[in-house]
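Got your viewer open and a sequence panel alongside? Let's take a short walk through this model, one selection at a time.

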Amino acid sequence: MQKLTNPSLLLLRNEEELTGQQILVINHQRDGFLSELKQLNPQANISAFSYDFADHQAADKVANITSYVSHSLPKLNDIDLVIYYYPKSKPEAQMMFDNIRALCSEQTRLLVVGENKGGVKSAEKQLQGKCAAHYKLDSAKHCILYEFAQLQPLAQFDIASYQQTFSINVAGQQFDAVSVPGVFNHGKLDIGTKLLLEHLDLPTKGNMLDFGCGAGIIATFVLNQSPKVRFSCLDVNALALYACEQTLRLNGHEAELVLSDGLRQLKGRFDAIISNPPFHTGIKTDYDIAEGFIKDVTEHMGKGSQLHIVANSFLKYPPLIEACFGQCDTLIKNTKFAVYRARIN
């Protein structure tokens with residue numbers, strides 16, 4: 001078991017605040033906090049929720065915890081305590097606060113915990129005028145713990161009202177995409193994906209996969225020019241898959257949507273795999289996801305299959321790709337990004 005993170009340690013040193021009969025923990029971390037919370041509340045019904053499939057799987061293994069993963073909170077009754085780990089995205093937090101208010105009654109207590117550098121202080125402003133009272137309960141280890149009492153309930157929560165539609169103009173194509181808060185590069189085309197799309201040379205049919213699909217921009221681009229392709233879109237984030245589905249639908253396309261931690265939930269083989277892989281976990285930089293993807297992806301490729309990947313120029317991916325594929329072509333490289341291609345011979 002991983003050691004407790006600083007936000008979890010701050011929560012547990014205020015254990016007298018962590019009591020309830022129906023408790024919901026949101027955006028929890030993989031650090032043993034849920035087990036500690038269950039020991040403090042052996043008779044309580046404790047639910048855990050995350051947009052992240054890997055976090056959901058970790059929580060699902062904790063005894064006597066019910067775990068959920070989706071793009072919106074489950075409809076739970078009589079919640080008297082909500083514990084929310086503040087995310088790195090402020091718009092995502094604002095959307096979640098509205099989702100919480102649609103689930104709560106005036107008796108629900110909300111605890112918000114997070115790191116100062118992660119923006120947790122914004123919680124006060126985001127809930128200003130939406131609760132009867134709020135308190136700064138504690139601060140330590142560069143973290144703050146807040147309590148918000150008597151939240152103003154919302155009649156309903158509909159994630160569709162948080163959608164943002166924006167225009168994509170790349171490599172001779174123009175189309176609209178849909179995003180929601182919490183999705184990578186929310187509301188715009190990131191420059192890495194743009195460079196990748198400008199240097200794609202793909203077959204016009206067969207099975208293709210976008211690993212880390214985000215809002216579905218790569219899939220839509222490919223299907224616009226090659227509608228006979230059978231496309232799969234994979235992401236660890238349920239918000240991303242929701243946005244991806246909306247983007248595809250808006251452009252008249254369909255794809256298989258796969259919620260997965262890495263490639264673990266993926267089945268089948270692909271003629272082409274495309275990725276702008278993530279290299280962040282929370283507010284820290286983490287290359288393990290991308291490196292694990294490159295090492296494992298050949299299991300889902302056959303003879304002649306291609307891999308296209310875009311990555312930050314400073315990341316040492318060519319040696320890793322060469323070790324797995326035997327070769328690595330650099331299609332384009334600038335001061336920020338590089339596009340690599342490899343093929344199964």
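How many bridges join β13 to strand β16? Select residues 301–312 for β16, and keep β13 in view: five bridges join these two strands, and they run parallel. One thing to keep in mind as you click around is that this is a predicted model.

**Stop one: strand β13**

Now colour residues 270–275, which make up β13. Five of its six residues are buried, so the rest of the structure largely encloses this strand. Next, add residues 207–211, strand β10. β10 pairs with β13 too, again in the parallel sense, over four bridges.

For a closer look, pick isoleucine 273 in β13. Leucine 209 has isoleucine 273 as its bridge partner. Turn to β16, and you'll find leucine 307 standing opposite isoleucine 273.

**Stop two: a glutamate in β7**

Jump to residues 143–151, strand β7, and show the side chain of glutamate 147. Is this glutamate buried or exposed? Its relative accessibility is 10%, and the cut-off for buried is under 20%, so glutamate 147 counts as buried.

What does the side chain of glutamate 147 meet in a polar contact? Show arginine 109: the two side chains are joined by a polar contact of 3.1 Å. Then bring up the other residues around glutamate 147. Leaving aside neighbours within four places in sequence, its contacts include Glu17, Leu110 and Leu111, along with Ala133, His134, Tyr135 and Leu137.

**Stop three: the aromatic rings**

Time to look at rings. The structure holds eight aromatic pairs. Start with phenylalanine 49 and tyrosine 51: their ring centres are 5.5 Å apart and their planes sit at 85 degrees, so this pair is edge-to-face. Phenylalanine 49 is buried, with a relative accessible area of 1%, and tyrosine 51 is buried as well, at 7%.

Now select tyrosine 84 and tyrosine 86. Here the ring centres are 6.5 Å apart and the planes are at 50 degrees, so the pair is tilted. Both tyrosine 84 and tyrosine 86 are buried.

Which residues do ring pairs link into a cluster here? Add Phe97 to your selection, and you have it: Tyr84, Tyr86 and Phe97 are linked by ring pairs.

For a last view, show the stops together: β13 with its parallel partner β16, glutamate 147 with arginine 109, and the cluster of Tyr84, Tyr86 and Phe97.

Key. Residues are numbered from 1 along each chain as its sequence is written. This is a predicted model: local features need pLDDT of at least 70, side-chain atom pairs count only at pLDDT 80 or more; totals for chains, interfaces and linings use all residues. Side-chain values use heavy atoms; hydrogens and water are left out. Rings of Phe, Tyr and Trp (its six-membered ring) pair if their centres lie within 6.5 Å; planes under 30 degrees apart count as stacked, over 60 as edge-to-face and the rest as tilted. Buried means under 20% relative accessible area, exposed over 50%, partly exposed in between (1.4 Å probe, protein chains only). A polar contact is a pair of N or O atoms within 3.5 Å; within protein, one must be able to donate a hydrogen and the other to accept it, and residues adjacent in sequence count only if both atoms are side-chain atoms. Contact means heavy atoms within 4.5 Å. Two strands pair if DSSP finds at least two bridges between them.
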